[in-house]
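Hello,

Here is the structure I promised to pass on. Please open it, then read the notes below beside it.

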Amino acid sequence: MEGNDAGLLLFTWRGSVFRVAGGVQPPKAGSLFFCRHLAVRSGERVLEIGSGLGLAAVLAARAGARVVATDIVPQAVELIRANALVNGVRVDARLGDCYAPVEGERFDLICTNPPQMPTPPGRARDDPVAAADNGGVDGWEILDRVIHGASAHLTAGGRLVFTIFAFLGRKTAFAKLEAAGLAPSIVASETQEFPRIGYERLDHIRALDVEATLGPSVPTTVERFVVQGACGGSADR
Ligand SMILES: C[S@@+](CC[C@H](N)C(=O)[O-])C[C@H]1O[C@@H](n2cnc3c(N)ncnc32)[C@H](O)[C@@H]1O
């Protein structure tokens, strides 16, 4: 068909179907790892920050959660809405940076599979693919803000759940969570293929790998963690 010849890219998983469009990244191994270990209870209020095309958000809504899904990329927010509709669930999709779209609101579960690839200075870009990958110079740029703001957006007994590459540091993650008043634990770990973009940044990543998770040879795999920070009985109000 003339003028509309780009094809239609679909991703299907666990009985749901997702449209992939607008330069928004299709789900990767990390997305599936994240979703597999996201324990969502029916009726819970869930916030997913950086929802992409809405995979985790739609699955959480299918599990009976009341879901707010955000992204900083307008095309992603449109896709989340479309993908919720296609799958017959309600997801409240909002555009904005980190917690800005949910000011004053609290959730039982805040979750994110955030952009976390360490990005050498001068290599940041402003497009949907870069927004999905680039985590600032040390990889923690978005996560630091997610962790810092979590207590103000969690209900008492709520939890923050996120993924990290092992080279960002398990001990570092625990220290950051503890400093934010959250009790840290590892929910799951998995060995994944070393990400392609990581090879271009290998020297930069090695310089940040203070917990020595990468060996001396060129890596073919990387360890990935799902980390939880649990909020104690009384949320910081
Ligand atoms: C690694 S992708 C994950 C997408 C999806 N959740 C998944 O697991 O496949 C990270 C997502 O975070 C979004 N993002 C990047 N910076 C953000 C920010 N400051 N606030 C909200 N979302 C952001 C990106 O646009 C991208 O959709």
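**The sheet**

Strand 4 and strand 5 pair in the parallel sense, over 5 bridges. Within this pair, Thr70 stands opposite Arg94 of strand 5. Keep in mind that this is a predicted model.

Now the whole sheet. It is open and has 7 strands, in the order 5-4-3-6-7-9-8. The pairing is mixed. Strand 5 (91-95) and strand 8 (182-193) are the edge strands, and each pairs on one side only. On average, neighbouring strands are turned by 15 degrees against each other, direction ignored.

Two helices to find next. Helix 3 (residues 74-86) packs on the sheet and touches strand 4 and strand 5. The direction of helix 3 makes about 170 degrees with that of strand 5. Helix 5 (residues 141-150) also packs on the sheet. Among the strands that helix 5 touches are strand 3 (45-49) and strand 6 (107-112). Its direction makes about 165 degrees with that of strand 7 (154-165).

**A helix pair**

How do helix 1 and helix 2 pack? Their angle is about 25 degrees, and their axes are 10 Å apart. That angle is why helix 1 counts as roughly parallel to helix 2. Ser31, Phe34 and Cys35 of helix 1 meet Leu55, Ala56 and Leu59 of helix 2. These contact residues are 5 nonpolar, 1 polar and no charged.

**The ligand**

Around the ligand there are 23 residues. Ser31, Gly50, Gly52, Asn113 and Ala131 come nearest. The shell has 15 nonpolar, 6 polar and 2 charged residues. Helix 4 gives the largest share, 3 residues.

Best wishes

Conventions: Residues are numbered from 1 along each chain as its sequence is written. This is a predicted model: local features need pLDDT of at least 70, side-chain atom pairs count only at pLDDT 80 or more; totals for chains, interfaces and linings use all residues. A residue is near a molecule or strand if its C-beta atom, placed from the backbone, lies within 6 Å of it. Helices (H or I, at least four residues) and strands (E, at least two) are DSSP runs, numbered from the N terminus. Ala, Val, Leu, Ile, Met, Phe, Trp, Tyr, Cys and Pro count as nonpolar, Asp, Glu, Lys and Arg as charged, and the others, Gly among them, as polar. Axes are lines fitted to C-alpha atoms, for helices over the stretch in contact, and angles run from 0 to 180 degrees between N-to-C directions. Angles under 35 degrees count as roughly parallel, over 145 as roughly antiparallel, 65 to 115 as roughly perpendicular and the rest as oblique. Two residues are in contact if their C-beta atoms, placed from the backbone, lie within 7 Å. Two strands pair if DSSP finds at least two bridges between them.
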